[in-house]
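Okay, thanks everyone for squeezing me in. I'll put the structure up and then talk you through a few parts of it.

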Amino acid sequence: MTKFEWNPAELLKLSGSYWATCALHAAVKLDLFTPLQKQSFTADSLAAELAVEPRALAMLLDAMSALGLLHKEGERYAGSEFSNLYLASDSEKYLGHIIMHHHHLVRGWSELAGAVKSGQPYREPVSHGDDPVERESFLMGMFNLAMLTAPKVVSQVNLQGRYSLLDLGGGPGTYAIHFCQNNPQLAATVVDLPTSQPFAEKTIRRFGLEDLIPFVPGDFNKEPLPREFDAAWLSHVLHGEGEDECRAMLAKVVDAMAPGGLLLVQEFVLNDAKDGPPFPTLFSLNMLLNTTEGRAYSEAEIVEMMSGAGLRAIKRLQLDLPNGAGVLQGEKP
């Protein structure tokens, strides 16, 4: 694989790339893409609609047009096919929640040097926090991401002959929903913090699966788990914990499964040297900022932890997932 060749122009492009990021965050926060999905506006007319200052809005609209997220003709702006699909808040494929979650992380990332000096997180994890706006962005942002990858994952996971799935830390229940849709014989239980319950139940009802997918509120690190599942799914749960907590969690899940149960773990997986792929290395820093001991793990580390929990026939599924994500599975004897 050819290594990227750095030069001063590329270095400065990387250094200033947050300008475009912050412009996108502002556009989503102001919800300017939603009215532009339906009709074109001038900056003045859209400013009246959004209750913002016209001159400043024109600058933001021009930036979004330059990035290709809007179309500008004369003095009028309209949504692009892409922005209408992914940035208008009434679209079923809206990605604004995860974009707002990224926005809420920006302040912490500006304090990364301090976190590296101290080894301590910038703040309490958003998923555990008290701010309802940030919590909604986090949980529904996880829904956004899972809706992109879940169909690809569930179609490649063989749950034939399995009837009960534990979705541990399942947030809004997206994977449980897709697993049940793809396996008509399957019922699932989502276990997560009580703050996730209203979002999960709303999402599950949206898909008409409330009778098949109950939500059990609780702290799965401290409280007993429901038992005798023949499959369990842990999606992006381990990275929030240190190694000792991961080992204890995996052992607890394996103990709760029936003999022959299948455990599936999805994570952003580092290579064994831990110097790539790029996204998991950066995600590890995000965990430094937002958790006490969390980080990304390598495939070898995850395999070793799963083996230590008593699983056998451990393997990584051959899936082409974004951002270095991977799924490993193992069986309980």
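I'll go through the sheet, then the cores, then one helix. One thing up front: this is a predicted model.

Let's start with strand β7, residues 229-235. All 7 of the 7 residues are buried, so β7 is largely enclosed by the rest of the structure. Which strands does β7 pair with? On one hand there's β4, residues 164-168, which pairs with β7 in the parallel sense over 4 bridges. On the other there's β8, residues 257-270, also parallel to β7, over 6 bridges.

If you want a residue to hang on to, take A232. In the pairing with β4, A232 is the bridge partner of L166, and in the pairing with β8, A232 stands opposite L263. To get from β7 to β8 the chain goes through helix α12, residues 243-256, and that β-α-β crossover is right-handed.

Now keep following L263, because it takes us to the next strand: L263 stands opposite G330 in β11. Here the direction flips, with β8 and β11 running antiparallel, joined by 7 bridges. β11 is mostly covered too, with 6 of its 7 residues buried. And β11 has another partner, β10, residues 312-316, again antiparallel, over 3 bridges. In that pairing R312 has E331 as its bridge partner in β11.

Okay, cores. The largest nonpolar core has 32 residues, and the ones with the most contacts inside it are V153, L159, F179, I213, W233, L264 and V327. Several elements supply at least two residues each, including β7, β8 and β11, plus helices such as α9 and α13. Which element gives the largest share? That's α10, with 5 residues.

Zoom in on L159 for a second. Leaving aside neighbours within four places in sequence, L159 is in contact with F179, N183, Q185, L186, A231, L262 and L264. Apart from that core lies another one, of 27 residues, with A256, I302, M305 and L328 among them.

Last stop, helix α2, residues 18-29. Does the length come out as expected or not? At 1.5 Å a residue, its 12 residues should span 16 Å, and the end C-alpha atoms are 16 Å apart, so that agrees. The buried residues of α2 are A23, H25, A27 and V28, and these pack against α3, α5 and α7. After the helix comes D31, with a positive phi, near 55°.

That's my tour, happy to take questions.

Terms used. Residues numbered from 1 in each chain as written. Predicted model: local features only at pLDDT ≥ 70, side-chain atom pairs only at ≥ 80, totals over all residues. Heavy atoms only, no water. Expected span 1.5 Å × (residues − 1). Buried < 20%, exposed > 50% of the residue type's maximum accessible area, 1.4 Å probe, protein only. Contact = heavy atoms within 4.5 Å. Pairing = 2+ DSSP bridges. Right-handed = clockwise from strand over helix to strand, strands pointing away. Core = buried A, V, L, I, M, F, W, Y, C linked by side-chain atoms within 4.5 Å.
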